[in-house]
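Let's take a friendly walk through a protein model, one part at a time. Have a look at the structure below before reading on.

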Amino acid sequence: MQDKLYLTSHSLTCTAEILEGYHSENERYAVRLDKTLFHPQGGGQPCDKGTINGNEVLHVAQNRDGHVLHYLHKYLPLGPVELRIDGNHRRENARLHTAGHMIGHLLERIGWQAVKAHHWPGESRVVFRSSANALPPLLDDLSNHCAEQIQLAQAIFISFQAGRRQVAIGNLGQYPCGGTHVENTSELAGLKIIRIKNKKDELSVHYEMMTE
Ligand SMILES: [Zn+2]
């Protein structure tokens, strides 16, 4: 089985081996590696950017068999290659995604359950449902609670429980998740809650992250 290193490591470079390569749509080549640092698109997050042996990776996706495929402009022969992740892009997406977790935990405290999340730059939001007629939070209150957690510099822990990857933020709680995250909530400084929309029984919290 392919080793998905992004699930356990924050490394941005490694060597791997191309096990399979084939023509794909749009004149692209898809390659499968024995292991990968590239997070595929999914779980509300864009895929990682980066290079394989200096060649730009155009897209990364997981196929039905659970293998991560890397799409390139050109054919690469089977054998050893060097992987390099675009650290700035990874960090930008990990900050947005981890902020989504934090907002989720904070709203669960007041009776809202996160049901959907989309952490793309420029359109980040978490959608909640309430089962107990919970009141929507005030924007200032939620912003202050986020600031508190950022100030507390809570560590983010990854663990595997009964084969499921769990991502915990300090004592806030944990979610099962296969995404990329920062290591500490202090890295979420610059988080801004833009608006909170409450429509029927659905609440959506929209946010953005200032660049560092
Ligand atoms: Zn996550």
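## Two domains

The domain bounds used here come from an automatic or database domain assignment. Keep in mind that you are looking at a predicted model. The assignment splits the protein into domain 1, residues 3-85, and domain 2, residues 89-209. Taken over C-alpha atoms, the centres of domain 1 and domain 2 are 28 Å apart.

How do these domains meet? Domain 1 brings 16 residues to the contact, and domain 2 brings 18 residues. The size of an interface is often given as the accessible area lost when the parts come together. Between domain 1 and domain 2, about 1,400 Å² is buried, and carbon and sulfur atoms give 53% of this area.

## The zinc site

Which residues hold the zinc ion? His-97, His-101 and His-181 each coordinate the zinc ion through NE2, while Cys-177 does so through SG, at 1.9 to 2.1 Å. The angles among the four donor atoms run from 101 to 119°, and the site is tetrahedral.

Along the chain, the donors are spaced as H-x3-H-x75-C-x3-H. His-97 sits in helix H1 (residues 87-108), whereas Cys-177 sits in the loop between strand E13 (173-176) and strand E14 (191-199), so this pair ties together parts that are 80 residues apart in sequence. His-97 and Cys-177 are both buried.

## An annotated stretch

An unreviewed UniProt entry lists residues 167-202 as "domain: Threonyl/alanyl tRNA synthetase SAD". In the model, this span of residues 167-202 is 47% strand and 0% helix, and its end C-alpha atoms lie 25 Å apart.

Terms used
Residues numbered from 1 in each chain as written. Predicted model: local features only at pLDDT ≥ 70, side-chain atom pairs only at ≥ 80, totals over all residues. Heavy atoms only, no water. Donors = N, O, S within 2.8 Å, 3.2 Å for Na, K, Ca; no water. Tetrahedral: all angles 85-135°; square planar, octahedral: opposite > 155°, others 65-115°. Helix = DSSP H or I, 4+ residues; strand = E, 2+ residues; numbered from the N terminus. Buried < 20%, exposed > 50% of the residue type's maximum accessible area, 1.4 Å probe, protein only. UniProt positions renumbered as here; feature names shortened; annotations may be inferred. Contact = heavy atoms within 4.5 Å. Buried area = accessible area lost by both parts, 1.4 Å probe.
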